[in-house]
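Thanks for making time for this one. I will go through helix packing first, then salt bridges, and I will keep it short.

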Amino acid sequence: MKDFGLTRDVPVERGATALLFVDVQNYSTENGSEYAHLSPESRAERYGHFFREMRERAVPNMQRLQDASRKAGIEVMYTVIESLTQDGRDLSLDYKICGLFCPKGSWDAKVIDEIAPRGDEIIIPKTSSSVFISTNIHYVLGNLGVKHLIVAGVLTDQCVDSTVRDACDYGYLVTLPTDACATLTEERHRNSLANNKGYCRQVTTADLVAEIEKL
(Lines give C-alpha, C1' and ligand atoms only; values in the text may rest on other atoms or scores of the structure.)
Protein backbone atom coordinates (compact mmCIF):
# COMPACT_ATOMS: atom_id res chain seq x y z
CA MET A 1 0.00 0.00 0.00
CA LYS A 2 1.39 3.38 -0.99
CA ASP A 3 1.85 5.95 1.76
CA PHE A 4 0.80 9.40 0.50
CA GLY A 5 1.79 11.04 3.77
CA LEU A 6 -1.80 12.11 4.50
CA THR A 7 -3.92 11.76 7.64
CA ARG A 8 -7.47 12.34 8.87
CA ASP A 9 -6.12 13.61 12.19
CA VAL A 10 -6.32 17.25 11.12
CA PRO A 11 -7.74 20.05 13.31
CA VAL A 12 -10.75 21.95 12.03
CA GLU A 13 -10.19 25.34 10.39
CA ARG A 14 -11.94 28.66 10.80
CA GLY A 15 -13.86 29.51 7.64
CA ALA A 16 -13.64 25.97 6.26
CA THR A 17 -15.68 23.97 8.79
CA ALA A 18 -19.36 23.14 9.30
CA LEU A 19 -21.12 21.41 12.18
CA LEU A 20 -23.95 19.18 10.93
CA PHE A 21 -26.65 17.81 13.23
CA VAL A 22 -28.37 14.72 11.81
CA ASP A 23 -32.05 13.95 12.58
CA VAL A 24 -32.11 15.62 15.99
CA GLN A 25 -35.80 16.38 15.63
CA ASN A 26 -39.11 16.03 17.44
CA TYR A 27 -40.00 12.87 15.50
CA SER A 28 -37.38 10.87 17.41
CA THR A 29 -38.20 12.15 20.90
CA GLU A 30 -40.33 10.40 23.49
CA ASN A 31 -43.36 12.39 22.31
CA GLY A 32 -42.59 12.03 18.61
CA SER A 33 -44.57 10.09 16.06
CA GLU A 34 -41.85 7.47 15.61
CA TYR A 35 -42.87 5.91 18.93
CA ALA A 36 -46.51 7.05 19.14
CA HIS A 37 -47.83 3.55 18.43
CA LEU A 38 -46.26 2.21 21.63
CA SER A 39 -47.61 2.33 25.16
CA PRO A 40 -45.53 4.36 27.65
CA GLU A 41 -44.43 1.11 29.28
CA SER A 42 -43.36 -0.50 26.02
CA ARG A 43 -41.63 2.68 24.89
CA ALA A 44 -39.65 2.85 28.11
CA GLU A 45 -38.72 -0.83 27.95
CA ARG A 46 -37.60 -0.85 24.31
CA TYR A 47 -36.12 2.63 23.97
CA GLY A 48 -35.33 3.76 27.49
CA HIS A 49 -31.58 3.51 26.92
CA PHE A 50 -31.76 5.72 23.84
CA PHE A 51 -33.86 8.40 25.56
CA ARG A 52 -31.55 8.45 28.59
CA GLU A 53 -28.46 8.72 26.41
CA MET A 54 -29.99 11.60 24.51
CA ARG A 55 -31.13 13.41 27.63
CA GLU A 56 -28.06 12.87 29.81
CA ARG A 57 -25.16 12.75 27.33
CA ALA A 58 -25.73 13.33 23.63
CA VAL A 59 -27.93 16.45 23.62
CA PRO A 60 -25.92 18.30 26.30
CA ASN A 61 -22.78 17.61 24.24
CA MET A 62 -24.53 18.80 21.08
CA GLN A 63 -25.35 22.02 22.91
CA ARG A 64 -21.69 22.48 23.84
CA LEU A 65 -20.58 21.94 20.26
CA GLN A 66 -23.26 24.27 18.95
CA ASP A 67 -22.31 27.03 21.37
CA ALA A 68 -18.58 26.70 20.68
CA SER A 69 -19.14 26.61 16.92
CA ARG A 70 -21.33 29.71 16.93
CA LYS A 71 -18.76 31.63 18.95
CA ALA A 72 -15.98 30.55 16.58
CA GLY A 73 -17.91 31.43 13.44
CA ILE A 74 -18.29 27.82 12.35
CA GLU A 75 -21.33 27.18 10.14
CA VAL A 76 -24.02 25.31 12.11
CA MET A 77 -26.32 23.21 9.92
CA TYR A 78 -29.10 20.67 10.37
CA THR A 79 -30.63 17.88 8.34
CA VAL A 80 -33.99 16.39 9.29
CA ILE A 81 -36.24 13.64 8.02
CA GLU A 82 -38.92 15.59 6.15
CA SER A 83 -40.75 14.84 2.95
CA LEU A 84 -41.37 17.45 0.26
CA THR A 85 -45.04 16.48 0.27
CA GLN A 86 -47.88 15.97 2.73
CA ASP A 87 -48.51 12.36 1.73
CA GLY A 88 -44.89 11.22 1.51
CA ARG A 89 -45.01 10.15 -2.12
CA ASP A 90 -41.47 11.53 -2.62
CA LEU A 91 -39.95 9.33 0.11
CA SER A 92 -37.25 6.82 -0.77
CA LEU A 93 -38.32 3.19 -1.04
CA ASP A 94 -36.35 2.42 2.12
CA TYR A 95 -38.16 5.12 4.09
CA LYS A 96 -41.51 3.90 2.79
CA ILE A 97 -40.70 0.34 3.84
CA CYS A 98 -39.52 1.50 7.28
CA GLY A 99 -42.41 3.94 7.69
CA LEU A 100 -40.10 6.90 8.35
CA PHE A 101 -42.35 9.80 7.50
CA CYS A 102 -42.45 13.42 8.61
CA PRO A 103 -44.76 15.52 6.44
CA LYS A 104 -43.52 18.83 5.08
CA GLY A 105 -43.79 21.55 7.73
CA SER A 106 -44.85 19.18 10.51
CA TRP A 107 -43.91 19.40 14.20
CA ASP A 108 -42.13 16.05 13.86
CA ALA A 109 -39.81 17.56 11.25
CA LYS A 110 -38.67 20.41 13.51
CA VAL A 111 -35.26 20.40 15.20
CA ILE A 112 -35.66 19.86 18.96
CA ASP A 113 -35.85 23.00 21.09
CA GLU A 114 -32.61 22.21 22.93
CA ILE A 115 -30.54 22.87 19.80
CA ALA A 116 -33.03 24.96 17.85
CA PRO A 117 -31.60 26.77 14.81
CA ARG A 118 -30.82 30.45 15.22
CA GLY A 119 -31.13 33.15 12.59
CA ASP A 120 -30.54 31.85 9.09
CA GLU A 121 -28.73 28.63 10.03
CA ILE A 122 -29.34 26.14 7.26
CA ILE A 123 -31.84 23.28 7.60
CA ILE A 124 -31.85 20.66 4.85
CA PRO A 125 -34.77 18.18 4.67
CA LYS A 126 -33.87 14.67 3.55
CA THR A 127 -35.66 11.47 2.57
CA SER A 128 -32.74 9.04 2.76
CA SER A 129 -30.36 7.78 5.41
CA SER A 130 -27.42 9.80 4.09
CA VAL A 131 -28.13 13.47 3.53
CA PHE A 132 -25.73 13.32 0.57
CA ILE A 133 -28.06 11.00 -1.36
CA SER A 134 -31.33 12.93 -1.42
CA THR A 135 -30.27 16.59 -1.10
CA ASN A 136 -27.93 19.20 -2.59
CA ILE A 137 -25.82 19.43 0.57
CA HIS A 138 -22.56 18.73 -1.28
CA TYR A 139 -23.26 21.71 -3.53
CA VAL A 140 -24.14 23.89 -0.51
CA LEU A 141 -21.04 22.88 1.44
CA GLY A 142 -18.92 23.65 -1.60
CA ASN A 143 -20.46 27.11 -1.87
CA LEU A 144 -19.67 27.67 1.81
CA GLY A 145 -16.04 26.66 1.31
CA VAL A 146 -16.32 23.74 3.74
CA LYS A 147 -13.49 21.19 3.88
CA HIS A 148 -14.01 19.94 7.44
CA LEU A 149 -17.37 18.45 8.45
CA ILE A 150 -18.28 17.74 12.07
CA VAL A 151 -21.16 15.24 12.24
CA ALA A 152 -23.32 14.67 15.33
CA GLY A 153 -26.82 13.30 15.89
CA VAL A 154 -28.81 10.09 15.56
CA LEU A 155 -28.73 7.24 15.02
CA THR A 156 -25.02 6.49 15.36
CA ASP A 157 -25.23 3.29 13.33
CA GLN A 158 -27.71 4.48 10.72
CA CYS A 159 -28.03 8.04 9.40
CA VAL A 160 -24.93 9.34 11.19
CA ASP A 161 -22.82 6.45 9.92
CA SER A 162 -24.16 6.80 6.36
CA THR A 163 -23.47 10.53 6.37
CA VAL A 164 -19.92 10.08 7.68
CA ARG A 165 -19.06 7.51 5.01
CA ASP A 166 -20.51 9.53 2.14
CA ALA A 167 -18.87 12.74 3.34
CA CYS A 168 -15.55 10.91 3.37
CA ASP A 169 -16.06 9.68 -0.19
CA TYR A 170 -16.99 13.20 -1.29
CA GLY A 171 -13.62 14.43 -0.04
CA TYR A 172 -14.39 16.03 3.30
CA LEU A 173 -12.28 15.64 6.41
CA VAL A 174 -14.89 14.30 8.81
CA THR A 175 -14.81 14.60 12.58
CA LEU A 176 -17.22 12.53 14.67
CA PRO A 177 -17.63 13.53 18.34
CA THR A 178 -18.32 10.07 19.74
CA ASP A 179 -20.33 11.28 22.74
CA ALA A 180 -22.55 13.66 20.74
CA CYS A 181 -24.42 10.90 18.92
CA ALA A 182 -26.58 8.03 20.12
CA THR A 183 -28.42 4.91 19.06
CA LEU A 184 -30.73 2.32 20.59
CA THR A 185 -28.16 0.29 22.54
CA GLU A 186 -24.63 0.80 23.82
CA GLU A 187 -23.46 -2.23 21.85
CA ARG A 188 -24.77 -0.79 18.59
CA HIS A 189 -23.14 2.56 19.38
CA ARG A 190 -19.73 1.01 20.06
CA ASN A 191 -19.88 -1.32 17.05
CA SER A 192 -20.75 1.55 14.75
CA LEU A 193 -17.86 3.65 16.01
CA ALA A 194 -15.50 0.74 15.48
CA ASN A 195 -16.78 0.18 11.95
CA ASN A 196 -16.62 3.78 10.71
CA LYS A 197 -13.35 4.71 12.39
CA GLY A 198 -11.60 4.32 9.05
CA TYR A 199 -13.76 7.08 7.53
CA CYS A 200 -13.36 9.85 10.08
CA ARG A 201 -11.48 11.33 12.98
CA GLN A 202 -13.15 10.33 16.25
CA VAL A 203 -12.81 12.61 19.28
CA THR A 204 -14.67 13.47 22.47
CA THR A 205 -16.82 16.56 22.68
CA ALA A 206 -14.53 18.03 25.33
CA ASP A 207 -11.47 17.70 23.11
CA LEU A 208 -13.29 19.08 20.07
CA VAL A 209 -14.68 22.07 21.96
CA ALA A 210 -11.18 22.84 23.25
CA GLU A 211 -9.91 22.66 19.67
CA ILE A 212 -12.65 24.96 18.41
CA GLU A 213 -12.03 27.48 21.18
CA LYS A 214 -8.41 27.85 20.01
CA LEU A 215 -9.46 29.03 16.54
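How are H1 and H7 oriented relative to each other, roughly parallel or roughly perpendicular? Keep in mind that this is a predicted model. The axes of H1 and of helix H7, residues 205-213, are 9 Å apart, and the packing angle is about 10 degrees. Angles under 35 degrees count as roughly parallel, and therefore H1 and H7 are roughly parallel to each other. On the H1 side, the contact is made by Asn61, Arg64, Leu65, Ala68, Ser69 and Ala72. H7 contributes Thr205, Leu208, Val209 and Ile212. By type, the residues of this contact between H1 and H7 are six nonpolar, three polar and one charged.

Next, helix H4, residues 137-144. Ile137, Val140 and Leu141 are buried there. Viewed down the axis of H4, the buried residues fall within an arc of 95 degrees, so they line one face of the helix. Tyr139 and Asn143, on the other side of H4, are exposed. What do the buried residues of H4 pack against? The list has four strands and a helix in it: strand E1 (17-22), strand E2 (75-81), strand E3 (122-126), helix H3 (131-134) and strand E4 (148-154). Just after H4 comes Gly145, with a positive phi of about 75 degrees.

Now the salt bridges. The count for the model is 11. I will show three of them, each within a helix.

One is in H1, which spans residues 40-72. The side chains of Arg57 and Glu53 form a salt bridge there, at 2.6 Å from N to O. Why is this pair one helical turn apart? Arg57 and Glu53 are four residues apart in H1, which means a separation of about one helical turn. Are these two residues buried or exposed? Both Arg57 and Glu53 are buried. For Glu53 the relative accessibility is 18%, and the cut-off for buried is under 20%. Leaving aside residues up to four places away in sequence, Glu53 touches Ala58, Ala182 and Glu186.

Glu186 brings us to another of the bridges. Arg190 forms a salt bridge with Glu186, and the closest N and O atoms are 3.0 Å apart. This pair sits in helix H6, residues 186-196, again four residues apart and so separated by about one helical turn. How accessible are the two partners? Arg190 has a relative accessible area of 55% and is therefore exposed. Glu186, at 28% relative accessibility, counts as partly exposed. So Glu186 has a salt bridge to Arg190 and a contact with Glu53.

The last bridge I want to show is in helix H5, residues 156-169. Here the side chains of Arg165 and Asp161 meet, with an N to O distance of 2.9 Å. Arg165 and Asp161 are also four residues apart, which puts about one helical turn between them. As for burial, Asp161 has a relative accessible area of 11% and is therefore buried. Arg165 is at 24% relative accessibility, so Arg165 counts as partly exposed.

To put the three bridges side by side: in H1, both Arg57 and Glu53 are buried. In H5, Asp161 is buried, while Arg165 is partly exposed. In H6, Glu186 is partly exposed, while Arg190 is exposed. That is what I have for today.

Note on methods:
Residues are numbered from 1 along each chain as its sequence is written. This is a predicted model: local features need pLDDT of at least 70, side-chain atom pairs count only at pLDDT 80 or more; totals for chains, interfaces and linings use all residues. Side-chain values use heavy atoms; hydrogens and water are left out. A salt bridge is a side-chain nitrogen of Lys or Arg within 4 Å of a carboxyl oxygen of Asp or Glu. Helices (H or I, at least four residues) and strands (E, at least two) are DSSP runs, numbered from the N terminus. Buried means under 20% relative accessible area, exposed over 50%, partly exposed in between (1.4 Å probe, protein chains only). The arc is that of the directions from the helix axis to the C-beta atoms. Contact means heavy atoms within 4.5 Å. Axes are lines fitted to C-alpha atoms, for helices over the stretch in contact, and angles run from 0 to 180 degrees between N-to-C directions. Angles under 35 degrees count as roughly parallel, over 145 as roughly antiparallel, 65 to 115 as roughly perpendicular and the rest as oblique. Ala, Val, Leu, Ile, Met, Phe, Trp, Tyr, Cys and Pro count as nonpolar, Asp, Glu, Lys and Arg as charged, and the others, Gly among them, as polar.
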